[in-house]
Amino acid sequence: MSQATKRNARGKGGQIDDQQDDRHSISLDHIVAQWRRERPDIDPSVMAVCGDVKRASERIRQAMADNLAGTGLDYAGFDVVMTLRRQGRGGALSPSALAKDMMLSTSAMTSRLDRLEKRGLIERQSDPNDRRGLKIVLTDAGFTLADDLVVSHVQTEERLLSALSEKERAQLRALLGKVGGT
């Protein structure tokens, strides 16, 4: 669904009406029924659960991409900026600490940092405690962008989860934590 379509589809409470998208998606129950018919020797019910998780993940991914549209950031850059913002104004991390926090290799981190530095969102500074080391810090522009983005990011996530009560959100986290191993 395009940005313009989504803006036009926003209904009560700013929620997006995805019925048009859902009409074109095959029912997971239908898929499971087909597999039960074709392969009665297996229990395909897990396909529906994984399919629901995949569809929810895609909806979240698309909403996050829409939120970043116009910022010039991809999700990788967004992740770096937000990780640095969580350190507080002037807070800095070494590239390896940043990579570890984000569960990335240091080589993957280098290209991300290069792009963000070219945009003026981060600075590489000498580490006062290690002459060979560097610290990464947000510039004022990076800090401002992060502060703006975190607000719209939380609003986007709130809109996506608005149908769930606090108790349901806690249950969902617990269940996904079991699946994700956290």
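**Exercise 1. Find the glycine with a positive phi just after H4, then check the span of H4.**

Glycine 70 sits just after H4 and takes a positive phi of about 90°. Helices here are DSSP runs (H or I, at least four residues), and strands are E runs of at least two, numbered from the N terminus. This is a predicted model: local features need pLDDT of at least 70, side-chain atom pairs count only at pLDDT 80 or more, and totals for chains, interfaces and linings use all residues. Residues are numbered from 1 along each chain as its sequence is written, and side-chain values use heavy atoms, without hydrogens and water.

Now the span. H4 covers residues 45-68, 24 residues in total. The expected span is 1.5 Å times one less than the number of residues, giving 34 Å. The model reaches 35 Å from first C-alpha to last, close to that value.

**Exercise 2. State which residues of H4 are buried, and classify Val53.**

Buried means under 20% relative accessible area, exposed over 50%, partly exposed in between (1.4 Å probe, protein chains only). The buried residues of H4 are Ala48, Gly51, Ala63, Met64, Asp66, Asn67 and Leu68. Valine 53 also lies in H4. Its relative accessible area is 43%, so Valine 53 is partly exposed.

**Exercise 3. Identify the hubs of the largest nonpolar core, then list the contacts of Leu84.**

A nonpolar core joins buried Ala, Val, Leu, Ile, Met, Phe, Trp, Tyr and Cys residues through side-chain atoms within 4.5 Å. The largest has 23 residues; Val80, Leu84 and Leu98 touch the most other members. H5 (75-85) is among the elements supplying at least two residues. H5 gives the most, five.

Contact means heavy atoms within 4.5 Å. Leucine 84 touches Leu93, Leu98, Ile122, Ile136 and Leu138, leaving out residues up to four places away in sequence.
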